[in-house]
Each structure stands twice: as C-alpha cells, then as structure tokens.
Amino acid sequence: FLGFSLDTNSPFAQNIQLRQAIVKGFNKFNLTKNNNHHRFDIANTLVPPHILESGLSDQNQYDEKNAKRIIKQFKNIKDFALNLCSNINSVEMQLLKSDMERLGLNVKFIKNDLNYYQYIINNRPDIFRVSFAPSYPDAEEFYMLFYSKSGKQINLCGYKNPEYDLIMENV
C-alpha cells in the first residue's frame with residue numbers, strides 16, 4: 001500500500017485537503033493498463049471488499065481537475081517537496097510521481113533499499129510504499145495498521161485518533 005506519514009510537520013501531513021487532492025490526483029487505474037508483470041488490485045477502501053463483503057466506495061476516485069483546484073488554494077505549496085519513498089523503483093511510485101508533478105507539486109523520489117522500514121520510521125517521508133499481506137483474512141489485520149498503540153513497526157503512518165483507538169479496544 002501507499003501510506004502517508006501523518007505525524008510530521010509537513011503540510012501534506014497537516015492538511016487533510018492536500019492529502020485528499022493527492023488521492024484524487026493519482027490515477028490508480030493506470031496501474032492496470034499495459035502491465036503484464038504485476039497484478040494490481042485497485043483499493044478504494046482500507047479493507048478489501050471481499051473480506052468485508054461490501055461494495056466499492058467511490059470517494060477516492062480519480063479527479064484531476066478537482067485535485068488541481070484544491071492544490072491551487074495552497075499558495076506556497078511549491079516551496080515544499082512531496083517526498084515519495086520506496087525500496088524499489090516501482091511502477092506505482094513512478095506513476096504517482098508523474099501524476100503529482102502534473103498537479104503542479106514539487107516531487108522528490110527517494111529510493112532506499114537498505115533497512116527500508118527503519119528508514120520510514122526514522123525519516124518519515126510524506127508518502128511511502130510498503131507491501132502488506134495479512135496473516136489471516138480478517139478485517140482487524142488491516143485496521144491494526146492505524147491503531148496508535150500498535151507501535152511504529154505496524155502503524156507506519158503514525159496515525160493517532162483517540163476515537164478510532166477506543167473502537168479498536170472495544171471490538
């Protein structure tokens with residue numbers, strides 16, 4: 001998955017509208033075109049629909065025009081680099097970089113293949129790519145990725161929300 005570091009002072013971490021613009025400005029469907037080497041399932045929900053037995057949400061659909069409109073509201077955003085990080089030069093990261101540049105963002109791609117997870121924890125790139133497969137097909141495996149008490153090795157995004165944590169503790 002692609003995750004945001006949410007526990008930094010970066011404008012991308014601090015502003016939900018910027019993150020929404022990034023999500024809307026990333027044309028994930030390009031991952032499925034002309035790609036015979038990788039299998040990509042386009043995620044529109046945190047938990048895969050086959051686990052929840054639910055339909056797809058359209059809240060995160062591609063909308064470049066709306067994404068550009070949102071980004072234009074942030075006058076000094078070009079003063080900041082959107083740091084993308086991966087341990088490989090993957091198709092999805094290159095597409096993300098290209099889409100973000102098309103939105104007018106200043107993008108820096110960081111490839112770090114040594115101690116990658118520790119790099120994410122220590123350096124907090126704005127967006128990072130990690131592979132994740134649940135130990136068993138249960139929605140809780142996915143939800144624990146955002147439980148603040150899971151620890152930095154699991155909650156790589158640094159997400160903190162007392163209401164979310166309380167729900168997780170009472171499940």
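This report walks through the fold, the strand pairing, the salt bridges and a few loop residues of the structure above.

The model is predicted, so to read it fairly, note that local features need pLDDT of at least 70 and side-chain atom pairs count only at pLDDT 80 or more, while totals for chains, interfaces and linings use all residues. Residues are numbered from 1 along each chain as its sequence is written, and side-chain values use heavy atoms, with hydrogens and water left out.

## The overall fold

Let's start with the whole chain. The protein chain has 8 helices and 4 strands; helices (H or I, at least four residues) and strands (E, at least two) are DSSP runs, numbered from the N terminus. Going along the sequence, these elements follow the pattern β-α-α-α-α-β-α-β-α-β-α-α.

Of the 171 residues in the protein chain, 40% are buried. Here buried means under 20% relative accessible area, exposed means over 50%, and partly exposed lies in between (1.4 Å probe, protein chains only). The accessible surface of the protein chain is about 10,400 Å², and carbon and sulfur atoms hold 50% of that surface. Accessible areas come from the Shrake-Rupley method with a 1.4 Å probe, and for residues only the protein chains shown count as cover.

Contacts (heavy atoms within 4.5 Å) tell us about the chain as well. Among contacts in the protein chain with a separation of 6 or more, 67% are between residues 24 or more positions apart.

## How the strands pair

Two strands pair if DSSP finds at least two bridges between them. Strand 2 (residues 81-86) pairs with strand 3 in the parallel sense, over 6 bridges. One place to find this pairing on your screen is Ser86, whose bridge partner in strand 3 is Lys111.

Strand 2 also runs parallel to strand 4, joined to it by 2 bridges. Here you can look for Cys85, which stands opposite Phe128 in strand 4.

Helix 5 belongs in this picture too: strand 2, helix 5 and strand 3 make a right-handed β-α-β unit. A crossover is right-handed if, with the strands pointing away from the viewer, the path from the first strand over the helix to the second runs clockwise.

## Salt bridges

A salt bridge is a side-chain nitrogen of Lys or Arg within 4 Å of a carboxyl oxygen of Asp or Glu. By this rule the model has 8 salt bridges. The table shows some of them.

| Salt bridge | Closest N and O atoms |
|---|---|
| Asp7 and Arg124 | 2.9 Å |
| Glu64 and Arg102 | 3.6 Å |
| Lys97 and Glu101 | 2.6 Å |

Asp7 forms its salt bridge with Arg124. Asp7 lies in the loop between strand 1 (2-4) and helix 1 (11-14), and Arg124 in the loop between helix 6 (116-123) and strand 4 (127-129), so the pair ties together parts that are 117 residues apart in sequence. The two partners sit in contrasting settings: Asp7 is partly exposed, with a relative accessible area of 39%, whereas Arg124 is buried at 16%.

Glu64 forms its salt bridge with Arg102. This pair links distant parts of the chain, with Glu64 in helix 4 (residues 64-72) and Arg102 in helix 5 (residues 91-102), 38 residues apart. Arg102 is partly exposed, at 40% relative accessibility. Glu64 and Arg102 also belong to a network of salt bridges that links them with Lys68 and Asp99.

Lys97 and Glu101 both lie in helix 5, 4 residues apart, which is about one turn of the helix. Lys97 is partly exposed at 22% relative accessibility, and Glu101 is partly exposed at 38%.

## Loop residues to look at

Most residues other than glycine have a negative phi. Asn115, although not a glycine, has a positive phi of about 50°. Asn115 lies in the loop between strand 3 (106-111) and helix 6, and is exposed at 65% relative accessibility. Arg124, met above as the salt-bridge partner of Asp7, likewise has a positive phi, near 50°.

Finally, have a look at Asn27, in the loop between helix 2 (16-25) and helix 3 (49-52). Asn27 is buried, at 13% relative accessibility. Leaving aside neighbours within four places in sequence, Asn27 is in contact with Tyr62 and Asp99. Asp99 is also part of the salt-bridge network with Glu64, Lys68 and Arg102.
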